[in-house]
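Here are my notes on the model you sent, arranged as numbered points by region. Please read them with the structure open beside you.

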Amino acid sequence: MKFKFSIQEYQSDAVKSVTDVFKGNKIIDSKYIFDKGDIDRLSMEYYLMDDIGCKNSPVTLSDDELLKNIVTIQKDNGLQISTVLSKKYGKCSLDVTMETGTGKTYVYIKTIYELNKLYGWQKFIIVVPSIAIREGVYKSFDITHEHFYGQYDKKIKYFIYDSKNLHQIDDYSKSDDIQVMIINMQAFATSLKEGTKSKEARIIYSRRDEFGSRRPIDVIKANNPIIILDEPQKMGDATANGIKNFNPLFSISYSATHKEHNNEIYVLDAVDAYKQKLVKKIEVKGIKTSDISTGSSYVYFSHIILSQDKPPRAKIEIEVSSKNSITKKEFIISEKSDLHTLSKNMSQYDGFIVAEINPFKNTIRFTNDIELTAGSSYGNMQESDIRRIQIRETIISHFEKEEKLFNDNIKTLSLFFIDEVAKYRKYDENGNKIQSDYEKIFEEEYNKTLEEKLKTVDENNKYYNYINAFKAQDVHNGYFSIDKKTKKEKDDFEIKTGLSKDIDAYDLILKNKEKLLSFDEPTRFIFSHSALREGWDNPNIFQICTLKKSDSTMQKHQEVGRGLRLCVNQDGTRIDENYAKESVMDINLLTVIASESYEEFVDGLQKEISEELVARPLKITGKENFTGKENVDTKTPVTEQEANVMYNYLVRNNYIDDEGNITDTYSQAKENSAFAEMDEKNKHLQNTVISVLNNIIERKHTLEKNTYNNARKVADVNKLNDNFYKAEFQKLWNMINDKYVYRISFDSDELVKNTIKYLDDNLQVTKTRYTVETGEQKEYLSAEEIKSGTGFQSILDGTHHYEKEKDLKSSVKYDLLGEISTRAKITRQTAADILQGVQEKTFKLYAANPEEFIKKVSKAIVEQKGSLIINKITYYKTSEKYDTNIFTDKKVNLDSSKLRLKDKCTKHVQDYLELDSDVENNLADNLEKEKIVKVYSKLPRDFKIPTPAGDYAPDWAIVFDEKEVKYIYFIAETKGSLDSLNIRKVEEIKINCAKKLYAALSTEKLKYDIITDYERLLNVIKGE
């Protein structure tokens, strides 16, 4: 197979945008006397060596002339106008923005040919950020040379820079052919970093005997090369400094996501590319799990955070208990951080205190001796289920597309990103390859899906023979960097970063692109390390599955980009709109099988794309707003003459002001559908004018809405004010701020008996369910929809479910007695007595959902235990007291709708009051306006009373006027109802324990009770 290339209008436009920058430049003879170096003039070598070199001729245009050309191009392309000429490298620095998969490598190769044709420039250096991209670029020169030779009747001479092969630099300098040196970022960090002690740097910056006593860098810089930067946002300072040493003529940067901006001259962003059907349509399958605890000490360790002024910290994710559910939450932790506290006292995190964060080993260690490496997790019981579902869904999606694509002569490939090579490539102690976890799961799921698929295909069908010809172990393969000595996949610096210290290391798939696309090659499923994402750019990837924890270290758009390129058939023909006009997007559909829910992935993807979109105009600046746009009626491009007519129409009717802003006159006409009519000759332009203006109005509205919604929330310290220090409140505070412990005694046999009866009568668990939801990009997508997060839509009948017990195998082993005894704080023997005593149907619920079974049984034991011990609990005062900092540790969100501000908190002990319900808000209103209330406090959550059912935090501490009430000091719990049926059992136990404590504390002036409103409070304090 050979790839076939055709001339695409958008690619030609991108090339022309570069060449037009230099319109008017004069071609000057570029010959110069070549430095032969210190060679014996009498030697044969001296006479054979040519003394004429060819360098790039200078840019003869002035800075003002270049900027004028750039501005003209920007106007024609509808881009933001530059006011200053960017000169980061050489005479000017240009930016070309092109969405991944639209052929930017092809574009800059064609640009090289055109710059040579128009201005005679011959010397180019292409700088890339990784080994994989370097090999991909080299491959692109290889497969396009015949195509371009047919257009330009000449070939480019290209090579990869190697400090061991200096004769290439002589050839590069002397030749009058087009010469291209390709160099990757790692070479800058070694070879081209001046002053470093590396062998490679000494070679290029020192005078070499084997190089005629010349410095190689001097020979290169004499050529004034044009620098092409591929994905410059991935390059560091060493690269930037190295480029300057080349003495560049000028530079052109190509990327979908520029980090630093120069003079931008062409844009084809994600929305443009999709609307023009230049990339695949994206479909997303997301997986949502039941909202339950994993039933284990789940910890995901993302990465270590290093900074100059702080010790190493780590980013982790754990489960956190909230009022109604258990959720996963991220934290930044340091040494001595206690996960038990962070999780809101979930018992499974007892002993998880950070003992060490080691940036050298990339590990964290806890006081219970559990150690995690960055990117790994502990206690994640659901992960194996989710990974199996992802692999299954990828295989199903692959087979669904493959049959049709096979008949269209197109091979289907699927790509898996993994976060650890060992999950796919595994070796025993002797270095022999053994089956890995992912290989086992894949082959099990593949065989099961294949068996079902074969039932639906005619045995005489060629596709039947194709899929039945290979065994499961033949159809998948992994592409990882190979260690030359061991012949095994590396899993060190290169795997973690995607960057190689070994210049010769490269990704095998880049060398075998044509072979991989052949039906004769059995590989259809590819596993690759997620860090080696650049360079994975095979056009026939139709499924991408991310078998890893979703995090910020790898962007979703970057993941998706590996499969965006339009596919090719067995003839090497690109299946674009010219080849398959009606069905191009039906064929070119990329399915992403995400490791998170559909909503989470789509929201994240759209946010990333939104940040990368080039700003669309928010005003009418001239005819350039219309030139080249598609006429909504005739479907033809608007000509420059027509654009003039459209612009003048707006000015004449006062629809835009002097600065190009849309006026109230237009808004009024739009509201009344009463636009000024264009003359008969130009009437076909009117709907297009209105469409352009309406898009601007919608764009401004969306941006204003997003600006409001994304406004930074202001946090403030909630300071204690003078009310706190009033004598009457201090007296109450000193009564209640002691810390307590308790002692209980109860009959274990009675606990076992009561718990068994409760479980048999009441226990129910939901089956662990995984929901797969599918959605896709809207057919008619706009930048505004991407920015507002509405660019995707769910597919009808695109949701289905898996149940753990029925659909999934599980290798997770539970310490059932250990989990229950730890959570319920009972002995293993008592836990065993309870489980042995329940009915068989009750115990069978364990298999349906182990995690929820453990959670609910533990909770039932706690509740039954609490009921037994209310009359047998005794509290003892400790020597510790609560410090006032429990009031001020938590910052408040000044934008929160739950917050009462200073002007409504005149009697509160802090400036702000954060409320949890309408009941609390109504109570606060009355406390503020009632004369008999002197001072009050909403007690902080860290003010707690220990109970057998968990810590209890009362809501209010209130001081009343002693002349008006029986009880001056009041501790209150607010509830919407006093009906015990409406108070959860655990909460009831906590409240009863609190009543017992405060009953012991109570004097004739202190009272604790539950209240529903101020009226109830008034009745209690007056003793009614």
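1. In what order do the 4 strands of the open sheet with mixed pairing lie? Before the answer, a caution that applies throughout: this is a predicted model. The order is β33-β34-β35-β36, with β33 (933-938) and β36 at the edges, each of them pairing on one side only. Direction ignored, neighbouring strands of this sheet are turned against each other by 20° on average.

2. The mixed character of this sheet can be followed through two of its pairings. Strand β33 and strand β34 (residues 956-960) run antiparallel and are joined by 5 bridges, and within this part of the sheet Y936 is found opposite I958 of β34. Strand β35 (residues 969-974) and β36, by contrast, run parallel and are joined by 6 bridges, with A972 standing opposite D1009 of β36.

3. Two helices deserve a look together with this sheet. Helix α24 (residues 727-736) packs on the sheet and touches β33, β34, β35 and β36, its direction making about 135° with that of β34. Helix α36 (residues 1014-1021) lies across β33, β34, β35 and β36 as well, and runs at about 150° to β36.

4. Is β36, an edge strand, enclosed or open to the outside? Of the 6 residues of β36 (residues 1006-1011), 5 are buried, so the strand is largely enclosed by the rest of the structure.

5. The second sheet to consider is also open and has 4 strands, in the order β13-β12-β11-β17, but here the pairing is antiparallel. Its edge strands are β13 (326-333) and β17 (377-378), each pairing on one side only. Strand β12 (residues 310-321) pairs with β13 in the antiparallel sense over 8 bridges, and E317 has E330 of β13 as its bridge partner.

6. How do helix α13 (residues 383-407) and helix α14 (residues 437-455) pack? Their axes are 9 Å apart and the angle is about 40°, which makes α13 oblique to α14; the crossing of the two helices is right-handed. On the α13 side the contact is made by R387, R388, I391, R392, I395, I396, F399 and E403, which meet Y438, I441, F442, E444, E445, Y446, K448, T449, L450 and K453 of α14. In composition, the residues of this contact divide into 9 nonpolar, 1 polar and 8 charged, a division that may be worth keeping in view when the side chains are inspected.

7. R574 lies in the loop between α18 (556-561) and α19 (584-587). Its relative accessible area is 19%, and since the cut-off for buried is under 20%, R574 counts as buried. Leaving aside neighbours within four places in sequence, R574 is in contact with Q8, Y10, L278, L566, C567, V568 and Y579. The C-alpha atoms of R574 and K4 are separated by 7.1 Å, although the two residues are 570 residues apart along the chain.

8. Helix α28 (residues 816-824) is mostly covered, with 7 of its 9 residues buried. These buried residues are L816, G818, E819, I820, S821, R823 and A824, and what covers them includes α29 (828-837), α30 (840-843), α31 (845-848) and α32 (850-869). Just after α28, K825 takes a positive phi of about 60°, a backbone detail to look at alongside the helix.

Note on methods:
Residues numbered from 1 in each chain as written. Predicted model: local features only at pLDDT ≥ 70, side-chain atom pairs only at ≥ 80, totals over all residues. Heavy atoms only, no water. Axes fitted to C-alpha atoms, helices over the stretch in contact; angles between N-to-C directions. Parallel < 35°, antiparallel > 145°, perpendicular 65-115°, else oblique. Left-handed = near helix turned anticlockwise from the far one by under 90°. Contact = heavy atoms within 4.5 Å. Nonpolar A, V, L, I, M, F, W, Y, C, P; charged D, E, K, R; others polar. Buried < 20%, exposed > 50% of the residue type's maximum accessible area, 1.4 Å probe, protein only. Pairing = 2+ DSSP bridges.
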